[in-house]
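Reader: Could you zoom in on one part of this model and tell me how it is put together? I'd like the geometry and the residues involved.

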Amino acid sequence: MTKWYRENAPITADKLADELMRLKRGSVSRRHFLGVTGLGLATAVLARQPSLFNSAAYAAGELGTQMSIATWPNYHDPATFESFTAATGVAVEVNVFGSNEEMLAKLQAGGTGWDLFVPTNYTISTYVKLGLIDELDLSKLPNYDASTENARFTNEGIVDGKTYAVPKNWGTTGIAVNADKIKAPVTSWKDFFEIAMTEADGRAMVHDYQLTTIGNALVSLGFSFNSIKPEELAKAEELLIKVKPHLYAINSDYQPSMRATDAWMTMCWTNDGAQLNRDMPEIKFVLGKDGGEIWSDFYAIPKSAANKPAGYALLDYLMTPANAVKEHIANGAPTTDSRVMKLLPTDVTSNKIVYPDEANLTPLEFGAAVTLTDPGRAELMARFKSA
Amino acid sequence: MRVATNTKRNLITAALIAPAAAWLTVFLVLPFIAMLVFAFGERAPEGGYQPAFTFVQFANLPTRAAAFWNTLMLAPAGALLCLIVAYPVAYYLAVKANPRYRLLLVSLVVVPFWTSLLVRTYAWMYILGSRGIPNLLSMIGIEDVRMLNTPGAVLLGIVYGYLPLMIMPIYVSLEKLDRRLLEASADLGGKPVSTFLGVTLPLSLPGVMTGVALVTILLLGEYLIPQLLGGGKVFFIGNALVDLFLQSRNWPFGSAIAVTLVAVVVVVLMVAMRIAWKVAGTRQVDLV
């Protein structure tokens with residue numbers, strides 16, 4: 001005889017375990033899993049509870065009238081900042097950077113005026129070590145919920161048990177290819193560098209950023225993305241200098257060139273890949289089957305911030321699922337927060353650029369802290385550019 | 001009495017010079033000393049500077065030979081191109097233009113300065129990019145022309161950006177030109193070409209040299225135009241410096257390169273001025 005609750009449950013225990021295993025293997029999407037198990041509906045209902053932020057009102061002048069954020073190109077929905085300004089009266093100045101090194105350099109030199117910035121996973125431990133960022137006061141971030149975050153992408157924000165940074169989103173560094181212009185298949189970083197010297201001669205771009213440009217050159221040669229071994233770096237330098245005359249540009253802001261079809265192929269972050277593909281379907285985004293980078297970006301507050309109350313207010317605003325979901329739809333980067341995941345429309349969550357199959361992520365590596373400070377990599381990049 | 005007046009005069013002179021002297025000490029001499037000290041230091045493990053006394057930064061200078069070479073070639077080349085384009089314009093403005101419209105025309109030369117160079121250089125990125133001139137060329141059957149991110153694009157940007165700085169000094173020196181000298185030359189049988197080469201050009205040389213020196217010096221520190229129109233591939237010393245301070249955070253090496261650049265500029269300038277004095281046969285060059 002079957003129990004009544006079993007008959008009413010959307011899924012049997014056996015079926016749930018089965019689906020869970022399929023999710024773990026990566027053969028179904030998280031969205032599918034949440035859908036068939038009914039967990040999605042349950043959390044979606046919970047998530048629609050009015051949040052603390054919605055009821056919190058800031059007294060006039062409490063947050064000042066302006067603040068400044070340092071972030072990456074094409075990484076936010078401009079409407080987010082406009083609605084934040086409308087809600088709080090604080091105008092947001094946006095500074096855009098092409099590398100973590102540049103952000104670190106500015107903070108080391110002092111006087112940035114940033115109240116919030118967006119460092120990548122591998123840099124947080126160095127910022128903490130140098131005393132450049134504050135431990136976050138989580139009581140000022142009521143809309144942040146550590147329990148709904150995917151630990152795989154958030155652990156580097158926590159140093160010695162203290163939370164210094166909370167995740168913005170995760171992503172990968174792959175290859176964007178204009179299939180109308182390049183007919184040869186591009187499936188690996190090895191292909192990328194070969195085609196950059198042949199079919200895409202004068203039309204390929206690499207980042208103005210040591211981590212990805214050196215890292216992907218290393219990967220194409222069969223080495224680790226994070227290598228700091230001098231003999232491996234020497235081989236990567238040789239390759240990069242050989243490729244350089246064939247490149248269109250060395251620039252981390254590659255969307256304008258790809259959109260104008262000045263460039264036909266570029267190193268590309270997930271969010272840019274999704275944006276480019278959305279507007280120009282002929283631009284494909286592929287992950288190197290030989291490796292590459294998986295990353296998560298964080299929000300952190302510099303110790304030197306001039307307007308910390310506004311920094312916290314904007315951060316909490318961005319952590320509010322209803323606001324974060326708009327950001328994710330606009331910038332196309334995958335979320336680390338299951339609350340946001342549930343609010344995203346199916347066409348986003350089923351987009352393989354944004355949420356690739358787990359198997360494609362396996363060869364990828366997270367950036368390692370040592371690459372940020374290693375003088376060998378820094379100097380290699382500078383030599384490559386000035387060669 | 002006479003001594004007293006002299007003291008007073010000296011005091012007034014000192015008072016007049018003091019603000020400029022203080023300004024130069026605080027914003028030029030002290031930073032330069034800091035840079036010299038840094039140049040003999042070491043890169044800290046996480047980047048930046050840590051005290052030391054080493055010549056290793058100067059020993060590493062050859063690794064930036066390409067950037068120095070690019071700068072030392074493209075800066076004078078850019079200045080000369082500017083000169084070739086600017087001289088006829090300045091000549092027209094000073095000698096040929098109707099005096100009624102002269103002020104208007106001279107203002108038009110300066111008008112672009114009212115907009116930021118950054119914005120104007122961005123405009124060139126779109127003009128030279130695939131949707132700009134190459135797109136027009138493809139309409140008449142010339143496909144896949146690439147203009148942006150080439151040395152030619154950088155030179156074009158340089159000529160465009162610095163042209164007014166070349167036109168103005170030449171214009172000023174030509175405007176002062178005594179017309180009677182031209183008439184005298186003609187009276188003595190000089191053809192227009194020989195009058196120009198024998199009278200006009202030598203008399204405008206101070207303006208030419210000022211313009212060339214001004215543009216060359218500014219170009220030696222150029223960063224923006226190679227970055228935007230050269231795609232980070234046409235590399236000036238200015239770009240190498242930005243990289244050393246903002247990417248590899250090697251302040252000592254950056255300082256060593258900056259100090260070397262200053263030394264090179266001083267030498268280039270002195271040699272150029274010597275040559276100028278010889279050519280002009282006069283010591284009336286109003287620079288340095």
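Author: Let's start with the vocabulary: angles under 35 degrees count as roughly parallel, over 145 as roughly antiparallel, 65 to 115 as roughly perpendicular, and anything else as oblique. Keep in mind that this is a predicted model, where local features need pLDDT of at least 70 and side-chain atom pairs count only at pLDDT 80 or more, while totals for chains, interfaces and linings use all residues. Residues are numbered from 1 along each chain as its sequence is written, with chains lettered from A and ligands numbered from 1 in the order in which they are written.

Now to chain B, with helices taken as DSSP runs (H or I, at least four residues) numbered from the N terminus. Helix H7 (residues 151-175) of chain B packs on helix H9 (residues 192-220) of chain B at about 155 degrees, their axes 7 Å apart. Those axes are lines fitted to C-alpha atoms over the stretch in contact, and the angle runs from 0 to 180 degrees between N-to-C directions. H7(B) and H9(B) are therefore roughly antiparallel.

Who touches whom (C-beta atoms, placed from the backbone, within 7 Å)? From H7(B), the contact includes B:Ile158, B:Tyr162, B:Leu165 and B:Met166; among the H9(B) residues are B:Gly207, B:Gly211, B:Leu214 and B:Leu218. By class, the contact of H7(B) with H9(B) has 14 nonpolar, 5 polar and no charged residues. Compare the place where 30 residues of chain A are in contact with 28 of chain B: the chain A side has 13 nonpolar, 9 polar and 8 charged residues. Here Ala, Val, Leu, Ile, Met, Phe, Trp, Tyr, Cys and Pro count as nonpolar, Asp, Glu, Lys and Arg as charged, and the others, Gly among them, as polar.

Technical notes
Two residues are in contact if their C-beta atoms, placed from the backbone, lie within 7 Å. Helices (H or I, at least four residues) and strands (E, at least two) are DSSP runs, numbered from the N terminus.
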